[in-house]
Amino acid sequence: MKKVLGALLLGATIVSAFIAYSMYTNHSAKQTAAIEQKQAAEKAEKKTEKKKKPVLKVEDLTYQLKDSRTGQVMKEFKPVHYKDKDVYDQEIKQLASELAKGIDTPMQNIKMDANGSLTGGSQQIILKEAELVKNLQNLNTKQLDVKVPIYETAPNVTAASAQGIADVSLASYSTRFRPSDTSRNRNVQLSAEAINNVVLGPGDSFSYNQTVGERTAERGYQPAPEIINKQLVMGIGGGICQTSSTLFNAIDGAGLQVTARSHHSKHVGYVPAGRDATVSWGGPDFKFTNNKDYPVIIKAYANVNTGVLTVDVRTSQHAI
């Protein structure tokens, strides 16, 4: 009897344990399933949110073009054609050109007065268009400030470096004009005076139009024949191209670097063919740079009695 009761008790215990284990397993499975279900829901929700979040595009943003010197905003720019490379490149090149027109300022060269002292002069200001175009070609959605590269260069001359600057001639060139042509001669004389005693330090640039200035009656320039479209016509300042052409031959002889020069539309008689340098206000300019490692001075003389214009490029004895 005792054996029977023991067996029944053992059986009941086993059944109870099995039932308890089954209940625990089912509960754990339900918990695991609930957790997995919750995780799946959260993952799906995040995926949905990610899909809903808008993707930033360069062409949808507005960029601020800032002066590299001051950080000041110069212009706001929206690159709507960013994906169309040809159209966009044309657009930003035009933008860079327009900005440069309002920024670029030629160097105003220093001059030497009658007492040998340096006077005047102002820095050159240049907006590097190619550099700005490159910056605009490489826009991104994280940086909305675009640097507008503007550089300033002051004349590279000091009183010490200009000591004895007129001692030695590097090159001289002379041309002739008719002493009887008083109006034209006056223009030659005025333009020669404008370039006389200009001092260029190493690396300094020269612009004929900037140095001579606008040729107007108010400034003393006279009506005289000038060449336009292969024709001789009357114009205020006719004759100043003889000064620019004489200057070209002198600085070319001195080995300075010509950076801009144009020919007349017909031959002129005061220099050999191909040795001229035509200029006009708002049009062709004659430009060069002092590529020497020492300063030079330009001397220009127009003798209206003998009809001789001479341009001499000089420097100090110890410089060469």
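User: What makes a set of residues the largest nonpolar core here, and which members touch the most others?

Analyst: In this predicted model, the largest nonpolar core has 36 residues. A nonpolar core requires buried residues joined through side-chain atoms within 4.5 Å. Ile195, Phe206, Tyr208, Leu247, Phe286, Phe288 and Ile298 touch the most other members.

User: Which elements supply at least two residues of this core?

Analyst: α4, β9, α5, α6, β15 and β16 each do. The largest share, six residues, comes from α6. A second, separate core holds 22 residues, among them Leu65, Phe77, Val146 and Ile150.

User: What is tyrosine 208 in contact with, beyond its neighbours within four places in sequence?

Analyst: Its contacts include Ser191, Ile195, Ile240, Thr243, Leu247 and Phe286.

User: Why are α4 and α6 called oblique to each other?

Analyst: Their packing angle is about 45 degrees. Roughly parallel needs under 35 degrees, and roughly perpendicular starts at 65. The angle fits neither class, so the pair is oblique. The axes lie 7 Å apart, and the crossing is right-handed.

User: Which residues meet there, and of what class are they?

Analyst: Arg184, Asn187, Val188, Ser191, Ala192 and Ile195 in α4 meet Ile240, Gln242, Thr243 and Leu247 in α6. By class, five are nonpolar, four polar and one charged.

User: How do you know whether glycine 201 is buried or exposed?

Analyst: Buried means under 20% relative accessible area. Glycine 201 has 0%, so it counts as buried. Glycine 201 sits in the loop between β9 and β10. Asn156, Val157, Asn290 and Pro295 touch glycine 201, not counting residues up to four places away in sequence. The C-alpha atoms of glycine 201 and asparagine 290 are separated by 6.8 Å, though the two are 89 residues apart along the chain.

Methods: Residues numbered from 1 in each chain as written. Predicted model: local features only at pLDDT ≥ 70, side-chain atom pairs only at ≥ 80, totals over all residues. Heavy atoms only, no water. Helix = DSSP H or I, 4+ residues; strand = E, 2+ residues; numbered from the N terminus. Buried < 20%, exposed > 50% of the residue type's maximum accessible area, 1.4 Å probe, protein only. Contact = heavy atoms within 4.5 Å. Axes fitted to C-alpha atoms, helices over the stretch in contact; angles between N-to-C directions. Parallel < 35°, antiparallel > 145°, perpendicular 65-115°, else oblique. Left-handed = near helix turned anticlockwise from the far one by under 90°. Nonpolar A, V, L, I, M, F, W, Y, C, P; charged D, E, K, R; others polar.
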